[in-house]
Amino acid sequence: MEYRRLGNSGLLVPALSFGAGTFGGRGELFSAWGDTDAQQARRLVDISLEAGVTMFDTADVYSGGASEEVLGAAIEGRRDEVLLSTKSTLPMGPGPYDAGSGRARLIRAVEASLRRLGTEYIDLFQLHAFDAATPVEEVLHALDDLVRSGKIRYVGASNFAGWQLMKSLAAADEHGLPRYIAHQVYYSLVGRDYEWELMPLGRDQGVGAMVWSPLGWGRLTGKIRRGQPLPEGSRLHKTADAGPPVNDELLYDVVDVLDEIAAETGRTIPQVALNWLLSRPTVATVIVGARNEDQLRQNLGAVGWQLTADQIARLDKASAVTPPYPYYPYYRLPDFARLNPPAV
């Protein structure tokens, strides 16, 4: 397993991390993802650690806290072997203190996550979304207190817009507060919006990308193909529409090229799609999930080899879309690109 620094920090993370969204299985969305119990989860953790996958990512909102509980049980007795990443901010209930990133909410959320995970500290604590109602200085001061108390070690963000992330980083610098070292983002061959603003921001500011849903909400598993219906009983019937919309022709074009390269490399379509992400600037780790051992071992096959420059170029071309203004000129017009080259 390759290890990379997470942003401008001393934290080394594996190129692949394990996403525990399939643990717990509570609620309509998360039960469609998976319903892994503690015994099954322990086996998946075993396989992950054997392969060098040491980071495990979850969130309080995953299965209403059950994901954290199952993950905590699965790592019992080997806390020092793993990095735990969890998130909070999204609503956990209808009450006024059940959502957001205010001081009271963050302190309560971290305490609850520590109990569910069965640990004394969280390696990486991330805000799951931007809370526009709370001043960023209040958020950062609360996170600073949690870092100083030893309850969390590093901080990050997830699903922030560029201005939200930059505003937070600027406030951290101004007041000497913890900087976000990670941005957990959606990025895939059928969802490259991350490249337009967030990638150059991450490169400039030393914020590493942790990629979620790297297979485009299940669209890049090889099960969706031109002229063919979804397989009967596939969970894609429930989950694909929950993700960002993808033009059908774009998806089919990308899968066609993935098919070709999979044949050339002797790899699977998901392995090729994951490997492409690992070649992108700012990407520190790609979060993969698995409902069973076979899926996990398949995902682990995405590392230990590299696509050729020609194969990367073909995937780039097949998956390219025209970005909106103001990003368009920097990607398409030479005079703009000369002054401010795209990050990729």
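**Exercise 1. Is Pro200 buried, partly exposed or exposed, and why?**

Before we start: the model is a predicted one.

*Step 1.* Find the residue. Pro200 sits in helix 7.

*Step 2.* Look up its relative accessibility, which is 30% for Pro200.

*Step 3.* Compare with the cut-offs: buried is under 20%, exposed is over 50%, and partly exposed is in between. Pro200 counts as partly exposed because its relative accessibility is 30%.

*Step 4.* Now check its company. Setting aside neighbours within four places in sequence, Pro200 touches Glu195 and Ala343. Along the chain, Pro200 and Ala343 are 143 residues apart, yet their C-alpha atoms are 5.2 Å apart in space.

**Exercise 2. Do the same for Ala337: where does this residue sit, and what is it in contact with?**

*Step 1.* Ala337 belongs to helix 14, which covers residues 334-339.

*Step 2.* With a relative accessibility of 23%, Ala337 is partly exposed.

*Step 3.* Leave out neighbours within four places in sequence, and the contacts of Ala337 are Pro329, Tyr330 and Pro342.

*Step 4.* Try a distance too. Pick Ser213, which is 124 residues from Ala337 along the chain; the two C-alpha atoms are 30 Å apart.

**Exercise 3. Describe how helix 4 and helix 5 meet.**

*Step 1.* Decide what to look for. Two packed helices are described by the angle and the distance between their axes.

*Step 2.* Take helix 4 (residues 103-117) and helix 5 (residues 136-148). Their axes come within 9 Å and cross at roughly 35°.

*Step 3.* Add the handedness: helix 4 passes helix 5 in a right-handed crossing.

*Step 4.* List who does the touching. From helix 4 come Arg103, Leu106 and Val110, while helix 5 supplies Glu138, Val139, His141, Ala142, Leu143, Asp145 and Leu146.

*Step 5.* Sort these contact residues by type, and you get six nonpolar, one polar and three charged.

**Exercise 4. How many cavities of 30 Å³ or more are there, and what lines them?**

*Step 1.* Count them: there are two cavities of 30 Å³ or more.

*Step 2.* Start with the largest cavity, which holds about 50 Å³ of space. Its lining is made of Ser101, Leu127, Ala129, Phe130, Asp131, Val136, Val139, Phe160, Ser168 and Tyr180. Val139 may ring a bell, as it was on the helix 5 side of the contact with helix 4.

*Step 3.* Sort the lining of the largest cavity: seven nonpolar, two polar and one charged.

*Step 4.* Move on to the second largest cavity, with about 30 Å³ of space. Leu165, His183, Tyr194, Leu198, Gly202, Val207, Gly208 and Ala209 line this one. Helix 7 (198-205) and strand 9 (208-212) are the elements that each give two or more residues to that lining.

*Step 5.* Sort again: the second largest cavity has five nonpolar residues, three polar and no charged ones in its lining.

**Exercise 5. Which residues lie nearest the centre of the second largest pocket?**

*Step 1.* Get the volume: the second largest pocket contains about 380 Å³ of space.

*Step 2.* Look at the lining. Of its 25 residues, Tyr186, Gly191, Arg192, Asp193 and Tyr194 lie nearest the centre. Tyr194 also turned up in the lining of the second largest cavity.

*Step 3.* See which element contributes most: strand 8 (residues 180-186), with three residues.

*Step 4.* Sort the pocket lining, which divides into 16 nonpolar, six polar and three charged residues.

Notes: Residues numbered from 1 in each chain as written. Predicted model: local features only at pLDDT ≥ 70, side-chain atom pairs only at ≥ 80, totals over all residues. Heavy atoms only, no water. Axes fitted to C-alpha atoms, helices over the stretch in contact; angles between N-to-C directions. Helix = DSSP H or I, 4+ residues; strand = E, 2+ residues; numbered from the N terminus. Left-handed = near helix turned anticlockwise from the far one by under 90°. Contact = heavy atoms within 4.5 Å. Nonpolar A, V, L, I, M, F, W, Y, C, P; charged D, E, K, R; others polar. 1 Å grid on protein atoms, 1.4 Å probe; cavity = no way out; pocket = protein on both sides within 12 Å on 5 of 7 lines; lining within 4 Å. Points joined across faces, edges and corners; volume = space filled by probe spheres on them. Buried < 20%, exposed > 50% of the residue type's maximum accessible area, 1.4 Å probe, protein only.
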